[in-house]
Amino acid sequence: MELISIQQWMRNGYGRDRLLDLRPIDCYKRGHLAGAESAPWEEKGRWMMSLDRKKKIVLICYSGATAIKAAYELEAMGFHTAVIAGGYHRLGYPDCP
């Protein structure tokens, strides 16, 4: 797992890596990064099997905590992951409970 900034992802991974937004769907609908796919962590059983081990999985949540937890779990399953440091909070998005 690597911690990356949004600028690093935009420069190096946009369009190549798979960006997963781990927040609940209602938060995703209120606003998300371009190219992000909704993948609520609470529903990981639904979307996890569709991941490709050949692609880097970039994770974002509100603060970064859920994304780091998810990254460790995915890494243990053989995926290459990165977490956008600070999540949506660092990007100035409003809190979404």
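Student: Which residues of helix 4 are exposed on its other side, away from the buried ones?

Tutor: Exposed means over 50% relative accessible area, buried under 20%, and partly exposed in between (1.4 Å probe, protein chains only). By that reading A65, K69, Y72 and A76 are exposed on the other side of helix 4. This is a predicted model, where local features need pLDDT of at least 70, side-chain atom pairs count only at pLDDT 80 or more, and totals for chains, interfaces and linings use all residues. Residues are numbered from 1 along each chain as its sequence is written, and side-chain values use heavy atoms, without hydrogens and water.

Student: Which residues of helix 4 are buried?

Tutor: An α-helix has 3.6 residues a turn, so residues three or four places apart point the same way. In helix 4, the buried residues are A67, A70, A71 and L74. Their arc around the axis (taken from the directions to the C-beta atoms) is only 105 degrees, so they sit on the same side of helix 4.

Student: What do the buried residues of helix 4 pack against?

Tutor: Contact means heavy atoms within 4.5 Å. The buried residues of helix 4 pack against strand 4 (57-60) and strand 5 (81-84). Helices (H or I, at least four residues) and strands (E, at least two) are DSSP runs, numbered from the N terminus.

Student: What follows helix 4?

Tutor: G78 does, with a positive phi near 100 degrees.

Student: Where is R30, and is R30 buried or exposed?

Tutor: R30 belongs to helix 2 (residues 25-30). R30 counts as exposed because its relative accessible area is 61%. The C-alpha atoms of R30 and C96 are 8.6 Å apart, although 66 residues separate the two along the chain.
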